[in-house]
Amino acid sequence: MTETAARKRLFTETHRRRPWTGAPRPRLLGGQALAAAQRLSQSSMKPRVLGYIQFFTDLLTVGLAGLITHTLVQDALLETIIGTGAIWLGALAVVVAARLAGAYGFRCMRNLGRASVVGMAALVGGLGLLAAALAWAGADTVTLRGWMPVWFAAAGVLMLGSRVLMQVRISQLVQTGRLEHRIVLVGGGEDIAPLIREIDRERGRGRRLCGFFDERLGQRSPSVVGGHHKTGDVDDLVEFARLAKIDTVIIAIPGASQERIRELLTRLFVLPVDIRVMEGAEIPNSARRKRSKIGPFKLIEIYKRPIEGFSAVQKRLFDIVFGTIALVMFTPFMLATAVAIKLDSPGPVLFRQKRHGYNNKPIEVLKFRSMYTDLCDPTAVNAVRRGDNRVTKVGRFIRRASIDELPQFINVIKGDLSLVGPRPHATSARTGDMLYDQIERAYSARHKVKPGVTGWAQIKGWRGEMNSEEKIRQRLEHDLYYIEHWSLWFDLKIVLMTPVSLVTTKNAY
């Protein structure tokens, strides 16, 4: 056997198991694809972050310019307190006008000329509106005409300067690969070559093609198209996107039938990415109809990544605030529980277990130990059943009341868990001899968001032992409903309903 063949055999034997679960899988993610996924495993900076930075920079610079110029004008225009409030109100009017004009979108920020024009127009509109309001309120128009042009000039210079600096920073981030929108294509052959070339042309604007995946073989789908090597098939794409940080999957199969598109969407639905279809294929009637473009190529948005952008920021703040409050409130109960566990049986107070986290990646979840140390089952292969003799006396009580899960608020603060979301299951959890993802193909779709301490399925009664396929499907259905209908109000509703569900449920033991 040659050295190359021996290495391939060793690689196959070592990596022929599914990531995270250890379950056998029918195929191997190719060495090149695995290496590419590992290079892309770190998240790139999102353009929206730069938009937030530019927003607050404008607010600060316009406000400070107003305060400084107001003190330089003879015969102060307004009293100190009233003047300060009016100045910051004017700065807010400027950034709101800029926001409405799209000044903080990446397409605008990366074009210095467009960014400057939009910024100056917003400055004119915001300060003009403030000047009109002050004049209507009876401010001295002579002093107003002397102060406003100075404020406009100072703020304009600062805003233009910040946009020049932002343009330089964007160029640096794009060149170093730290700011990019990562795309993979589903499809192959020369049909996708023009789209590949267009994406490559926009590399300087932050777009990056990370590979294309096609299930066809032979001449219909050559291994190299547009200078890019085929990365694998659709099953490989699912494995690839769980290792790499991918933003968008584009199905680029011109003339594909509706049945073919549905079949692909079913397989790709489990991924927390945007999914778009190139115009020309038959789109399912239930699909979203929002459109976008890459050069001349028109795309139809099918799925949108759940809980992204400012919504993700809101949810994280919700987790930190309410998670911290809950941790402080329950500290006395946690200390009492720790003492009871130590008195009841020997062993550690906390139990650590590997569970599925966001995008199917493993996380270590904390719980109070509720079983005898020598009988603990970190893999959860044998689920706890009613009357299980592995559970301690204290363990039965804290499991029934869900007190054993209070340490998970620490996971919330760390960012591994969310306060509300699909409950995390152990990586080897199963019903009978079948893993959950073998029972329901779309099971992994519940990992498109962070798992939670509590969730919609739990308060609707689908909590505790999952000893039938129907229970797995019901839990999945409720988890997907939560993902598709998420809002902060929905999270708050679930949090408020959780205590009631703990009292009424009969499935936890």
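Here is a quick tour of the sheet, the hairpins, the charged pairs and the surface patches in this structure. Keep in mind that you're looking at a predicted model. One main feature is an open sheet built from eight strands, and a search of the whole structure also turns up 20 salt bridges. On the outside, you can find a nonpolar patch as well as a patch of positive charge.

**The eight-stranded sheet**

- If you walk across the sheet, the strands come in the order S3-S4-S2-S1-S5-S6-S8-S7, and their pairing is mixed.
- Strand S3 (224–225) and strand S7 (291–294) sit at the edges with a single partner strand each, so one side of each has no neighbour in the sheet.
- As a bit of background, strands of a sheet pair through backbone hydrogen bonds, and they can do that in a parallel or an antiparallel way.
- Strand S8 (residues 297–303) pairs with S7 in the antiparallel sense, over four bridges.
- On its pairing with strand S6 (residues 274–278), S8 also runs antiparallel, and again four bridges do the joining.
- Want some residues to look for? Ile-294 has Phe-297 in S8 as its bridge partner, while Arg-276 is matched with Glu-301 in S8.
- S8 is largely enclosed by the rest of the structure, because five of its seven residues are buried.

**Two hairpins to compare**

- S7 and S8 make a hairpin with two residues between them.
- In the turn of that hairpin, Gly-295 has a positive phi of about 60°.
- Strand S9 (residues 350–356) and strand S10 pair in the antiparallel sense over seven bridges.
- The hairpin of S9 and S10 has five residues between the strands, and there Asn-359 takes a positive phi near 60°.
- For a pair to pick out here, Gln-353 has Val-365 in S10 as its bridge partner.
- S10 (residues 362–368) is mostly covered, with five of its seven residues buried.

**Salt bridges**

- In general, side chains of opposite charge can pair when their charged atoms come close.
- Arg-267 and Asp-235 form a salt bridge, with the closest N and O atoms 3.3 Å apart. This pair links distant parts of the chain: Arg-267 is in helix H10 (residues 258–268) and Asp-235 is in helix H9 (residues 234–243), 32 residues apart.
- How covered are these two partners? Arg-267 is buried, with a relative accessible area of 10%, but Asp-235 is partly exposed at 32%.
- Asp-404 forms a salt bridge with Lys-367, and their closest N and O atoms are 3.1 Å apart. Asp-404 lies in the loop between helix H12 (393–400) and helix H13 (408–414), and Lys-367 lies in strand S10, so this pair ties together parts 37 residues apart in sequence.
- Asp-404 is buried, with a relative accessible area of 2%, and Lys-367 is buried too, at 11%.
- Glu-405 forms a salt bridge with Arg-423, with the closest N and O atoms 3.1 Å apart. Glu-405 is in the loop between H12 and H13, and Arg-423 is in the loop between strand S11 (418–420) and strand S12 (430–431), so the pair ties together parts 18 residues apart in sequence.
- Glu-405 and Arg-423 are both buried.
- Some salt bridges share partners, and these join Glu-215, Asp-235, Arg-260, Glu-263 and Arg-267 into one network.

**Patches on the surface**

- Which residues make up the nonpolar patch? They are Tyr-52, Phe-56, Phe-310, Val-313 and Leu-317, and together they have about 490 Å² of accessible area.
- Helix H3 (47–72) and helix H11 (310–344) each supply at least two residues of this patch.
- H11 gives the largest share, three residues, and Phe-310 lies in this helix.
- The patch of positive charge brings together Arg-107, Arg-114, Arg-205, Lys-293 and Lys-298 on the surface.
- Among them, Arg-107 lies in helix H5 (residues 106–109).

**One more spot in helix H3**

- Thr-69 is found in helix H3. Is Thr-69 buried or exposed? Its relative accessibility is 5%, so Thr-69 counts as buried.
- Thr-69 and Phe-152 are 83 residues apart along the chain, and their C-alpha atoms are separated by 9.5 Å.

Note on methods. Residues are numbered from 1 along each chain as its sequence is written. This is a predicted model: local features need pLDDT of at least 70, side-chain atom pairs count only at pLDDT 80 or more; totals for chains, interfaces and linings use all residues. Side-chain values use heavy atoms; hydrogens and water are left out. Patches are made of residues with over 30% relative accessible area and no salt bridge: like charges are joined within 9 Å, nonpolar side chains (Val, Leu, Ile, Met, Phe, Trp, Tyr) within 5 Å. Accessible areas come from the Shrake-Rupley method with a 1.4 Å probe; for residues, only the protein chains shown count as cover. A salt bridge is a side-chain nitrogen of Lys or Arg within 4 Å of a carboxyl oxygen of Asp or Glu. Two strands pair if DSSP finds at least two bridges between them. Lys and Arg count as positive and Asp and Glu as negative; His and the chain ends are not counted. The place of a charge is taken as NZ of Lys, CZ of Arg, CG of Asp or CD of Glu. Buried means under 20% relative accessible area, exposed over 50%, partly exposed in between (1.4 Å probe, protein chains only).
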